[in-house]
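Got your viewer open and a selection box ready? Let's walk through this one stop at a time, selecting as we go.

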Amino acid sequence: MEEPIKREPDDQPIESLREHVDGIDDAILGLLAERRRVSSEIASEKQRTHRPFRDEDRENSLLTKRIEAARDHGLDPGLVVKIWEQIISDSVSLQHEHFQGLINDRGSTAVVALQGIEGSYSQLAAEQFFRDKPIDISLLACTRFADAANAVEHGRADVAVLPVENTTSGGIAEVYDLLLHSRLAVIGEVKYRVQHCLLGTEDSSVDTIKSIYGHPQAVTQCSDFLGELPDVEVVFFGDTAMSGRRIKAMGDPTIAAIASEEAARRFGLKVLKRDIGNRKENFTRFLVVARDPVVVDPQIPSKTSLVLAVGNDPGALMEVLADFRDQNIPLVKLESRPTIDNPWEEMFYVDFDGNISEPHVQVALDGVRRKAKFVRVLGCYPSQDLRPQKRNLSVAAAERPRVKAAASRESAVALKADGYRLASRGHKTENTVIDVRGVKIGGDDFFVIAGPCAVESFDQVMAAAAAAKAAGATILRGGCFKPRTSPYSFQGLGYEGLEMLAEAGRIHDMPIVTEVPAPEEVERMSETSDILQIGARNMQNFTLLSEVGRSSRPVMLKRGMSASLDEWLQAAEYILDAGNQQVFLCERGIRTFETSTRNTLDVAAVPVLKQRTHLPVIVDPSHAAGDRQLVIPLALAGQAVGAHGLMVEIHPNPAEAKSDGPQSLDLDDFDELMGLITGKI
Ligand code: PEP
Ligand code: MN
């Protein structure tokens, strides 16, 4: 039998071909590196010459050219598109980092507050955020998210890095509420890829584990893996990295933790299993917050986050969102949370692609402010989503229709010389109508607020409320903190009085209004009072105005004793600018040379204001008159000049009143006034 001929494989040709390929690959890498360098130079040049960061036409024509060249070389155009899309995307993120690095250079070290300890995902996210910035960071580890925010607010840290949502387990409600209630501005975002690992001590293994420590969020995100270990007990732990530190300290091989690989390194633990999350793509989005907002270069793709409240009218949210659609602004996130003051009303958190300094974004925001009850921008910051732009390669770049969007856009209302914009008719032609538990302020129906100057006792406020309601008043007033001209006058019953007023309002089904004396009281008083009153003496207390501007309760702004109408409207602007769009004005008389009345009721103010502003205007004849004899005629004058409503002080026994007795109507007089107003008398 003949032996088959054994041939020694001749490796020579294939070896040399492989070497050749290696050489080509090296050259490709070298060229890619060089391409990156040039791309970075282009970024500097773009920034120097204020050219846009991304040029869609250039990206498309680059790809079109490559496709043509691919055909010449006999290559598959599909393959070439795939490769160049990756190259372009790398170049876009490189230029993005370049721009961002320059604008964010705010000093060389930053203290970063976060919830959790070393090795926590928050820390890893913070490191990722600062990686490309010329800033060293030091960490301030906090126990709760609120502590981290507080550290920034009080200057103990420069920024806080807070998780807001996870692609598997959803939004983090606590952080959303914190963003609304703190004064911090969002200056950046980080999308951190979470890769949960099962960590154990040196001599443990997946099979020997009896219990696993994990943060509830991490446990949810790894539920599939944990489901495969039915005999293992899961112990909830407040912090992922901390669970790692704890099991290290215990040194028990039957106990494992869910944390990052980085945590394993830091605590000297063993990774028993990598990537145990349900989803391969598990991202947590963190927001970076600071005391002051940043101004983002318009050349950088940016995102804006805002909070808004629209009320419960059908279609209200859709109408507001239409403003973004009309300006071609992509909404990238919509999340809702119940408002703290009113659990039946939602606050919506919206993220959109756009820079607040761009004219079309301003137009959209103005539109939103016209319709929403509350709008506050949380921040505008460089976007981490470098969304691939839509390409249409079948159409040659030159033929593509170029829509000059800006040309078709209306412009935002400019600031008037008199210092207000949002309060002006130019901003909003139709009247603002405020709905307080069904009572309309600024609508077609004339309405009356009545009640005592000050809440003195439960019986007193109840008697006034019953009479007010019976006579047709729809809102109950009562001072609880009385800013009196003399420190020796009755100062009010404070929060105890507010409870009495609220109880009387509940019993008689009337919304209540009371004066907020200082910024520190706004949050607490907003919990109980349906409307916040700013007194005449506080009309230019700008911190107080901004603070009520952050509340979602309607605000009644009284005219300062010697304030011009434009000064008054600028005071209203402070509230509107801070977010709260539900403001109405109350004319209560001004200081003039005339001493026969306590103040001079400026009746002309009403029609003048109605020309200048869309905000409702009411008249308070009581504080103008100072004398009950004059209250009815002044009230009728207010109605005659077109006020939307009145506020009148009444008392069951004016002679005994602890404040403003002489101008308070007794309950019969008030009944008569209501008869005259409604035309019944
Ligand atoms: C009031 O209405 O209770 C009050 C104190 O009025 P003013 O701020 O207008 O003086
Ligand atoms: Mn009074």
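What follows is a short tour of a predicted model, from its ligands out to some loops.

**Stop 1: ligand 1 and its shell**

Select ligand 1 and show what surrounds it. Which residues should light up? Arg477, Lys482, Glu515, Gln533, Gly535, Ala536, Arg537, Lys558, Arg588, His623 and Met647. Colour that shell by character and you get six charged residues, three polar ones and two nonpolar ones.

Now zoom in on the polar side chains. Pick lysine 558: a side-chain N or O atom there sits 2.7 Å from an oxygen atom of ligand 1. Move over to lysine 482, where the corresponding distance from a side-chain N or O atom to a ligand 1 oxygen is 3.0 Å. Then click histidine 623, which has a polar side-chain atom 3.5 Å from an oxygen of ligand 1. How much of ligand 1 does the protein bury? On its own, ligand 1 would expose 290 Å², and 96% of that is buried by the protein.

**Stop 2: the manganese ion**

Keep His623 selected and add ligand 2, the manganese ion, since His623 coordinates this ion through NE2. The other donors to pick are Cys453 (SG), Glu649 (OE) and Asp660 (OD), and the coordination distances run from 2.0 to 2.4 Å. Looking for the donors in the sequence window? Their spacing reads C-x169-H-x25-E-x10-D.

Why does the pair of cysteine 453 and aspartate 660 deserve a click? Cysteine 453 is in the loop between β18 (447-451) and α14 (458-471), while aspartate 660 is in the loop between β25 (645-649) and α22 (667-678), so together they tie parts that are 207 residues apart in sequence. Are these two donors buried or exposed? Cysteine 453 counts as buried, with 3% relative accessibility. Aspartate 660 is buried as well, with a relative accessible area of 16%.

**Stop 3: leucine 476 and methionine 647**

Next, select leucine 476, which is in strand β19 (residues 475-477). Switch on a surface and leucine 476 should be out of sight: its relative accessibility is 0%, so this residue counts as buried. Add methionine 647, one of the residues around ligand 1, and draw a distance between the two C-alpha atoms. You should get 9.4 Å, for residues 171 apart along the chain.

**Stop 4: an aromatic pair**

How many aromatic pairs does the structure hold? There are seven. For one of them, select tyrosine 213 and phenylalanine 237, a tilted pair with ring centres 5.6 Å apart and planes at 45°. Tyrosine 213 belongs to strand β7 (residues 211-214) and phenylalanine 237 to the loop between β8 (233-236) and α9 (240-250), so this contact ties together parts 24 residues apart in sequence. Check the accessibility of each ring's residue: tyrosine 213 is buried at 13%, and phenylalanine 237 is buried at 14%.

**Stop 5: two loop residues with positive phi**

Finish with backbone angles. Go to asparagine 328, in the loop between α11 (316-326) and β13 (331-338). Asparagine 328 is not a glycine, yet its phi is positive, at about 60°. With 62% relative accessibility, asparagine 328 counts as exposed.

Then jump to aspartate 509, in the loop between α15 (494-507) and β20 (512-515). Here too a residue other than glycine has a positive phi, near 50°. Aspartate 509 is exposed, with a relative accessible area of 53%.

Key
Residues are numbered from 1 along each chain as its sequence is written. Chains are lettered from A and ligands numbered from 1 in the order in which they are written. This is a predicted model: local features need pLDDT of at least 70, side-chain atom pairs count only at pLDDT 80 or more; totals for chains, interfaces and linings use all residues. Side-chain values use heavy atoms; hydrogens and water are left out. A residue is near a molecule or strand if one of its heavy atoms lies within 4 Å of it. A polar contact is a pair of N or O atoms within 3.5 Å; within protein, one must be able to donate a hydrogen and the other to accept it, and residues adjacent in sequence count only if both atoms are side-chain atoms. Accessible areas come from the Shrake-Rupley method with a 1.4 Å probe; for residues, only the protein chains shown count as cover. Ala, Val, Leu, Ile, Met, Phe, Trp, Tyr, Cys and Pro count as nonpolar, Asp, Glu, Lys and Arg as charged, and the others, Gly among them, as polar. Donors are N, O and S atoms within 2.8 Å of the metal (3.2 Å for Na, K and Ca); water is not among the atoms, so sites may look incomplete. Helices (H or I, at least four residues) and strands (E, at least two) are DSSP runs, numbered from the N terminus. Buried means under 20% relative accessible area, exposed over 50%, partly exposed in between (1.4 Å probe, protein chains only). Rings of Phe, Tyr and Trp (its six-membered ring) pair if their centres lie within 6.5 Å; planes under 30 degrees apart count as stacked, over 60 as edge-to-face and the rest as tilted.
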